[in-house]
Amino acid sequence: MNISGTTIVFLIEMIGTVAFASSGAMVGIRKNMDIFGVNMLGITTAVGGGIIRDLVLGATPPRTFKDPVYILVSMVTSCLLFICVYFNKQFLESKWMAQYERLMMTLDAIGLGAFTVMGIYVAIHRPDKKSALLLIFVGMVTGIGGGMLRDVMAGMTPFVFVKHVYACASMVGAIVCVALLQWIDEVPAMIIGAAVIIVIRLLAARFRWNLPRIR
C-alpha cells in the first residue's frame, strides 16, 4: 500500500475510532458512569476489537499498545462528549440529539467497514499460513468485538445479538473481501468489502432490518 493509500486508510480508521469511542462513551453517560467509566467504555469500544484480533493472531503486545494514537483519540473523544453533556444535560433530550445520532450512525457504518477490512489486512500480512475462515473471523472480530465488550461491561445484551443487521453486515463484507482477494489486489478488495458493509449497515438502520427471532 503506497503512502497516499496508507494516509486514506489512517483517516478512515480515525473516523471509525471517533465514532466507536463516541458510541461507547454515550452508553457510559446513559448508564450514569463517572468520567473514568465513560472513558473506559469509549476506549474499549474503539480498540477492543483490534486487541482481540491481535491476540487471536498471536501478535503480542497488541498494536494498540505499540501505537497509542488510537487510545489517545478515544480518550479525547470520550472526554469531550462527557464535558458537553455534563455542562448541557438537556443535550440528551434536545432536537440536536437526533441529528447527532444520525451522524454517528453514518460514521459508525464507515468505522465498521474500515475496521473489518483492516482486520483482514493485518491478518494477511502475518507470516504464518491463514485460512479463509480465519481471515473472515478476525475481520468480524475487529469490527464488532469492541462493541460487544462495551455492552458486556455496561451490563447489557450485546447490541449485535438483538438489533438490526450489524454483525451480519460485517460478515458479508468480510466474505466479499476475502473472496475477491483470490482475483484482485488487496486494496480494491478491501474497498469493495468495506463498501458492502457500509451500504448494508446504512440500509439496515434506515429500514430497520432485523434477523428473525422468537418473541
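# Exercises on a predicted helical model

Leu-112 is found in helix H5 (helices are DSSP runs of H or I, at least four residues, numbered from the N terminus). This is a predicted model: local features need pLDDT of at least 70, side-chain atom pairs count only at pLDDT 80 or more, and totals for chains, interfaces and linings use all residues. Residues are numbered from 1 along each chain as its sequence is written, and side-chain values use heavy atoms, with hydrogens and water left out.

## Exercise 1: Confidence

Find the mean pLDDT of the protein chain, and the elements with the lowest and the highest mean.

*Solution.*
- Step 1. Recall the scale: pLDDT is the predictor's confidence in each residue, from 0 to 100.
- Step 2. Take the chain: its mean pLDDT is 88, and 97% of its residues reach 70 or more.
- Step 3. Take the elements: helix H7 (residues 159-162) has the lowest mean, 80, and helix H8 (residues 167-180) the highest, 95.
- Step 4. Keep a caution in mind: where pLDDT is low, the predicted coordinates should not be read in detail.

## Exercise 2: One residue in helix H5

Is Leu-112 buried or exposed? How far is Leu-112 from Thr-142 in sequence and in space?

*Solution.*
- Step 1. Set the cut-offs: buried means under 20% relative accessible area, exposed over 50%, and partly exposed in between (1.4 Å probe, protein chains only).
- Step 2. Apply them: Leu-112 has 0% relative accessibility, so this residue is buried.
- Step 3. Compare the two separations: Leu-112 and Thr-142 are 30 residues apart in sequence, yet their C-alpha atoms are 8.5 Å apart.

## Exercise 3: Cysteines

How many disulfides does the structure hold? Explain the result for Cys-177.

*Solution.*
- Step 1. State the test: a disulfide is a pair of cysteine sulfur atoms within 2.5 Å.
- Step 2. Give the count: there are 0 disulfides.
- Step 3. Check Cys-84: the nearest cysteine sulfur belongs to Cys-79 and is 11 Å away.
- Step 4. Check Cys-177: its closest cysteine sulfur, in Cys-168, is 17 Å away, so the two are too far for a bond.
- Step 5. Add the surroundings: Cys-84 is partly exposed at 48% relative accessibility, whereas Cys-177 is buried at 0%.

## Exercise 4: Aromatic rings

Classify the ring pairs Phe-20 with Phe-115 and Phe-82 with Tyr-86.

*Solution.*
- Step 1. Know the rule: rings of Phe, Tyr and Trp (its six-membered ring) pair if their centres lie within 6.5 Å; planes under 30 degrees apart count as stacked, over 60 as edge-to-face and the rest as tilted.
- Step 2. Note the total: the structure holds 5 aromatic pairs.
- Step 3. Take Phe-20 and Phe-115: the centres are 5.1 Å apart and the planes are at 90°, an edge-to-face pair.
- Step 4. Place this pair: Phe-20 is in helix H1 (residues 3-30) and Phe-115 in helix H5 (residues 95-124), 95 residues apart.
- Step 5. Judge their cover: Phe-20 is buried at 3%, and Phe-115 is buried at 7%.
- Step 6. Take Phe-82 and Tyr-86: the centres are 5.8 Å apart and the planes are at 20°, so this pair is stacked.
- Step 7. Place this pair: both residues lie in helix H4 (residues 69-86), 4 residues apart, about one turn of the helix.
- Step 8. Widen the view: ring pairs link Phe-82, Tyr-86 and Phe-87 into a cluster.

## Exercise 5: Salt bridges

Which helices are linked by the salt bridge of Arg-63 and Glu-13, and which by that of Arg-30 and Glu-101?

*Solution.*
- Step 1. Define the contact: a salt bridge is a side-chain nitrogen of Lys or Arg within 4 Å of a carboxyl oxygen of Asp or Glu.
- Step 2. Note the total: a search of the whole structure finds 4 salt bridges.
- Step 3. Take Arg-63 and Glu-13: their N to O distance is 3.7 Å.
- Step 4. Locate them: Arg-63 is in helix H3 (residues 63-66) and Glu-13 in helix H1, so the pair ties together parts that are 50 residues apart in sequence.
- Step 5. Take Arg-30 and Glu-101: their closest N and O atoms are 3.0 Å apart.
- Step 6. Locate them: Arg-30 is in helix H1 and Glu-101 in helix H5, 71 residues apart.

Key:
Helix = DSSP H or I, 4+ residues; strand = E, 2+ residues; numbered from the N terminus.
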